[in-house]
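Work through the exercises below with the sequence and the model open. Try each task before reading its solution.

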Amino acid sequence: MGNFITQKGTNVKGILVGNPFCEEPSDNRPPKDSQKQLFAKELIESAERQDITVLLSTDLYKIVSHVLSGELPETEKRSLQERIFNGNGYVRLD
């Protein structure tokens with residue numbers, strides 16, 4: 001982001017896509033009875049300070065699959081796009 005801003009002289013939206021607990025099935029993230037969060041508190045706090053959206057890769061995959069198969073109406077696509085680009089910190093897409 002810093003390089004883009006320096007080179008282009010314009011702001012840019014940062015998006016971080018992560019896959020925590022990738023060894024677990026997607027419906028068990030975080031693992032049941034775990035006290036651990038999906039993303040470290042420090043990562044979320046830093047993303048919020050820098051206006052970065054943090055997404056789960058499994059959430060993004062589901063949305064992209066629905067878009068490519070034509071299963072999402074335009075209004076829902078726009079709504080998701082707004083949530084991603086206006087998001088700050090961790091954003092769930094489900």
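**Exercise 1. How far apart in helix H2 are Glu 45 and Lys 41, and what links them?**

Step 1. Both residues belong to helix H2, and because they are four residues apart there, about one helical turn separates them. Helices are DSSP runs of H or I with at least four residues, strands are runs of E with at least two, and both are numbered from the N terminus.

Step 2. Glu 45 and Lys 41 form a salt bridge, with the closest N and O atoms 3.8 Å apart. The term salt bridge requires a side-chain nitrogen of Lys or Arg within 4 Å of a carboxyl oxygen of Asp or Glu.

Step 3. Lys 41 is exposed at a relative accessible area of 57%, whereas Glu 45 is partly exposed at 31%. Buried stands for under 20% relative accessible area, exposed for over 50%, and partly exposed for values in between (1.4 Å probe, protein chains only).

Before going on, note the ground rules. The model is predicted, so local features need pLDDT of at least 70 and side-chain atom pairs count only at pLDDT 80 or more, while totals for chains, interfaces and linings use all residues. Residues are numbered from 1 along each chain as its sequence is written, and side-chain values use heavy atoms, with hydrogens and water left out.

**Exercise 2. Which parts of the chain does the salt bridge between Lys 13 and Asp 51 tie together?**

Step 1. The closest N and O atoms of Lys 13 and Asp 51 are 3.3 Å apart, and the pair forms a salt bridge.

Step 2. Lys 13 sits in the loop between helix H1 (2–8) and strand E1 (14–18), and Asp 51 in the loop between helix H2 (41–49) and strand E2 (52–56), so the bridge ties together parts that are 38 residues apart in sequence.

Step 3. Asp 51 is partly exposed, with 41% relative accessibility.

Step 4. A search of the whole structure gives four salt bridges, and the one between Lys 13 and Asp 51 is among them.

**Exercise 3. Describe the surroundings of Asp 59, and state whether the residue is buried or exposed.**

Step 1. Asp 59 is placed in helix H3, and at 4% relative accessibility it is buried.

Step 2. Its salt bridge partner is Arg 92, with 3.0 Å between the closest N and O atoms. This pair links distant parts of the chain, since Asp 59 is in helix H3 (residues 57–68) and Arg 92 in the segment after strand E3 (89–90), 33 residues apart.

Step 3. Arg 92 is partly exposed, at 33% relative accessibility.

Step 4. With neighbours within four places in sequence set aside, Asp 59 contacts Arg 92, Leu 93 and Asp 94. Contact means heavy atoms within 4.5 Å.

**Exercise 4. Which residues have a positive phi although they are not glycine? Name two.**

Step 1. Start from the general expectation: most residues other than glycine have a negative phi.

Step 2. Phe 21 has a positive phi of about 55 degrees, and Phe 21 is in the loop between E1 and H2.

Step 3. Asp 51 also has a positive phi of about 55 degrees, and Asp 51 is in the loop between H2 and E2.

**Exercise 5. What is the strand order of the open sheet, and which strands stand at its edges?**

Step 1. The sheet is open and has three strands in the order E1-E2-E3, with parallel pairing. Two strands pair if DSSP finds at least two bridges between them.

Step 2. E1 and E3 stand at the edges, each with a single partner strand, so one side of each has no neighbour in the sheet.

Step 3. E1 and E2 run parallel and are joined by five bridges. Gly 18 stands opposite Leu 56 in E2.

**Exercise 6. Summarise the protein as a whole: elements, order, box and buried share.**

Step 1. The protein has four helices and three strands, which follow the pattern α-β-α-β-α-α-β along the sequence.

Step 2. The C-alpha atoms fill a box of roughly 45 × 35 × 20 Å along the principal axes.

Step 3. Of the 94 residues, 27% are buried.

Step 4. Among contacts between residues at least 6 apart in sequence, 62% join residues at least 24 apart.
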